Amino acid sequence: MKEPSEQLIEMLGHPYSPKNVQALLQPFGIKRMPPANSYFNDDIIWSVKSSIRIDLYRAPKINDLTGLDYTNEDGWIIGAIHFLAPGSDDRIKTPFPGVLPKGITMRSTPEESIKAYGQPELDEECEWPGFSGRILAWRKPGINIAITYADSETGSRMINCTACLIGCIGAWRNDNPEVFAP
């Protein structure tokens, strides 16, 4: 049987159903997932207890990001799933407790992630105010996978593993279009 993380990633590009997502996260103690309720064409759904963030989009925004052709009748579409650990956001106090795709976990090293996913299309050491670390990213059929590692005294620790439709990491589309642009 597939891990909940793999089943969530399979929901990318499909309409958001709070009940379906809750059913997948039930092993982590999730009893309810909120509906999307933004007045804008994007929304963020948090499950702090399971350390997950889900990015939702409506047409035309998802079409602008991905180059795909959704209609208003499609409703809220899942564009990205973020599996999080402390350091990714102040709300997150514990790492995502499940197994990630390819058998890695939030405790996996960069080398273990590379072994699982293959040579990344992006492997970059980064430093900006409040952060020092490494970003690995892969372009797979229809999706991007991006893993962020923060430097610490004991080495490098994963703080974010994101799977998204190609184009949904908007901030990186211009910096690395060969990896992130549709």
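# Exercises on a predicted model

S108 touches S113, Y149 and M158, leaving out residues up to four places away in sequence. The structure is a predicted model, and the exercises below work through parts of it.

## Exercise 1: S108

Task: State where S108 lies, whether S108 is buried or exposed, and which backbone atom its side chain reaches.

Solution.
- Step 1. Place the residue: S108 is in the loop between β3 and α4 (110-117).
- Step 2. Read the accessibility. The relative accessible area of S108 is 7%, and buried means under 20%, so S108 is buried.
- Step 3. Follow the side chain: the side chain of S108 comes to 2.8 Å from the backbone nitrogen of T105.

## Exercise 2: G75

Task: Find the loop that holds G75, classify its exposure, and list its contacts beyond four places in sequence.

Solution.
- Step 1. G75 sits in the loop between α3 (61-66) and β3 (77-84).
- Step 2. The relative accessibility of G75 is 22%. The class between under 20% and over 50% is partly exposed, so G75 is partly exposed.
- Step 3. With neighbours within four places in sequence left aside, G75 is in contact with Y57 and R58.
- Step 4. For a comparison of sequence and space, take H14: G75 and H14 are 61 residues apart in sequence, and their C-alpha atoms are 9.3 Å apart.

## Exercise 3: Aromatic pairs

Task: Say how many aromatic pairs a search of the whole structure finds, then describe the pair of F28 and F96 and the pair of Y117 and W138.

Solution.
- Step 1. The search of the whole structure gives 4 aromatic pairs.
- Step 2. One of them joins F28 and F96, with 5.3 Å centre to centre and 65° between the planes. Planes over 60 degrees apart count as edge-to-face, and this pair is edge-to-face.
- Step 3. F28 is in the loop between α2 (18-25) and β1 (42-47), and F96 is in the loop between β3 and α4, so the pair ties together parts that are 68 residues apart in sequence.
- Step 4. Both partners can be classified: F28 is buried at 18% relative accessible area, and F96 is buried at 4% relative accessibility.
- Step 5. Y117 and W138 also pair, with 5.0 Å centre to centre and 35° between the planes, and this pair is tilted.
- Step 6. Y117 belongs to helix α4 and W138 to strand β5 (residues 131-140), so their pair ties together parts that are 21 residues apart in sequence.
- Step 7. Y117 is buried at 8% relative accessibility, and W138 is buried with a relative accessible area of 0%.
- Step 8. Ring pairs also link F28, F83 and F96 into a cluster.

## Exercise 4: A charge over a ring

Task: Which residue lies over the face of W46, and at what distance from the ring centre?

Solution.
- Step 1. The residue over the face of W46 is R91.
- Step 2. R91 is 4.0 Å from the ring centre of W46.

## Exercise 5: The second largest pocket

Task: Give the space in the second largest pocket, its lining residues, and the element with the largest share of the lining.

Solution.
- Step 1. The second largest pocket holds about 170 Å³ of space.
- Step 2. Its lining consists of K2, E6, I9, E10, P101, K102, Y117, K140, I143 and I145.
- Step 3. Two elements, α1 (4-10) and β6 (143-152), give two or more residues to this lining.
- Step 4. The largest share comes from α1, with 3 residues.

## Exercise 6: Backbone details

Task: Describe the peptide bond from A59 to P60, then the phi angles of S51 and K102.

Solution.
- Step 1. The peptide bond from A59 to P60 is cis, with omega near 5°. P60 is placed in the loop between β2 (52-57) and α3.
- Step 2. S51 is not a glycine, yet its phi is positive, about 60°. S51 lies in the loop between β1 and β2, and S51 is buried at 0% relative accessibility.
- Step 3. K102 is not a glycine either, and its phi is positive, about 70°. K102 lies in the loop between β3 and α4.
- Step 4. The relative accessible area of K102 is 54%. Exposed means over 50%, so K102 is exposed.

How values were computed. Residues numbered from 1 in each chain as written. Predicted model: local features only at pLDDT ≥ 70, side-chain atom pairs only at ≥ 80, totals over all residues. Heavy atoms only, no water. Buried < 20%, exposed > 50% of the residue type's maximum accessible area, 1.4 Å probe, protein only. Contact = heavy atoms within 4.5 Å. Polar contact = N/O pair within 3.5 Å; in protein donor to acceptor, adjacent residues only side chain to side chain. Phe/Tyr/Trp six-rings, centres within 6.5 Å; stacked < 30°, edge-to-face > 60°. Lys NZ or Arg CZ within 6 Å of the ring centre and 35° of its normal. 1 Å grid on protein atoms, 1.4 Å probe; cavity = no way out; pocket = protein on both sides within 12 Å on 5 of 7 lines; lining within 4 Å. Points joined across faces, edges and corners; volume = space filled by probe spheres on them.
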